[in-house]
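Colleague: Could you take me through this model before I rely on it at the bench?

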Amino acid sequence: MAAMLELAGVTKHYRTRHGVVRAVENVSLRVEPRTTMALVGESGCGKTTIAKMILQLEQPTSGTIHFEGQDIATMDRAALRAYRRQVMAVFQDPYSSLNPRLRVGTIIAEPVLAHERKSRAELDKIVAEVLDVVGMPASAARLYPHEFSGGQRQRIAIARALALRPRLMVLDEPVSALDVSIRAQILNLLADIQAEFGLTYLIIAHDLALVEHFSSDVGVIYLGCLAEAGPTEQVFAAPRHPYTKALLAAVPLPDPDHVLSEAAATGEIASAMNPPAGCRFHPRCPYVMDVCRVTAPVLAGTPHATSCHLPVID
């Protein structure tokens, strides 16, 4: 059975006058239907670049992206148009992702009009239906984005993404710009929508507690490379890569006497324009060996895969 989404050896380089930015390097992922894959890692590690390539906002330098078994790079115009209506995005800041000059009804109807011919009555019905799904009254369609709270605006952004009944939804930090009190409501809404419509999610997040609670699978990205991937429960219960251990060790605990473990990474993430040789994490790794400085490790293992020269570190 074909995966909903499969990335094979995906690489993305940007050429600048100062050199080549190696944003993503040889990333392979498989996302099964009706599951939630999370991508985690520090800022600048390539998570959003991967999402942009899936959304066809960027083209890979090499590698392939398959949607339900079909290479999206080789799709003809009709197939690509069908693909675009099957894959939608919800962005981090709901205010900047909604046009402040348009009423909510028009915002939600835009993607529908881009793909289908609908009467005014049909559009009004679709808008009212998706607003109801996200817990908003039909009267919200007559208002502007600035007339809502942050949580309500994100509900509107989700409604817009749902208007065409997509199969895959890319969620780029969907709750990080919201108040803590609202985040759980939005996550519960997304979970309910996934159960009702059979959606597949790819979520980009920094909040590891969110990832542990919300995702079924997780990919840990460091400096454009996939360090570890597998079922969320397994990765969190027994992390194998030193970077994954460092991320989990850095999670703050409500204990003033808590001391960071030796797994915590030191230093700053390197530049993607001049990444370290060998394993990209080796300058910060507490377990570094000579081989790490010269040879890049290969991602291996199933279903819990790790890209590291060390055996499993207990």
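The questions and answers below go from the whole chain to one sheet.

Modeller: This is a predicted model, in which local features need pLDDT of at least 70 and side-chain atom pairs count only at pLDDT 80 or more, while totals for chains, interfaces and linings use all residues. Residues are numbered from 1 along each chain as its sequence is written, and side-chain values use heavy atoms, with hydrogens and water left out.

Colleague: What is the radius of gyration of the chain?

Modeller: The chain holds nine helices and eleven strands (DSSP runs of H or I with at least four residues, and of E with at least two). The globule rule, 2.2 Å times the number of residues to the power 0.38, is compared with a radius taken over C-alpha atoms. For 314 residues the rule gives 20 Å, and the chain is as compact as a globular protein of that length because its own value is close to this, at 21 Å.

Colleague: What percentage of the residues count as buried?

Modeller: Buried here means under 20% relative accessible area, with a 1.4 Å probe and protein chains only. Of the 314 residues in the chain, the share that meets this is 47%.

Colleague: Which residue in β5 is the bridge partner of His66?

Modeller: An open antiparallel sheet has the order β2-β1-β4-β5, where strands pair if DSSP finds at least two bridges between them. Its edge strands, each pairing on one side only, are β2 (19–31) and β5 (70–71). Strand β4 (residues 62–67) pairs with β5 over two bridges in the antiparallel sense, and the partner of His66 in β5 is Asp71.

Key. Buried means under 20% relative accessible area, exposed over 50%, partly exposed in between (1.4 Å probe, protein chains only).
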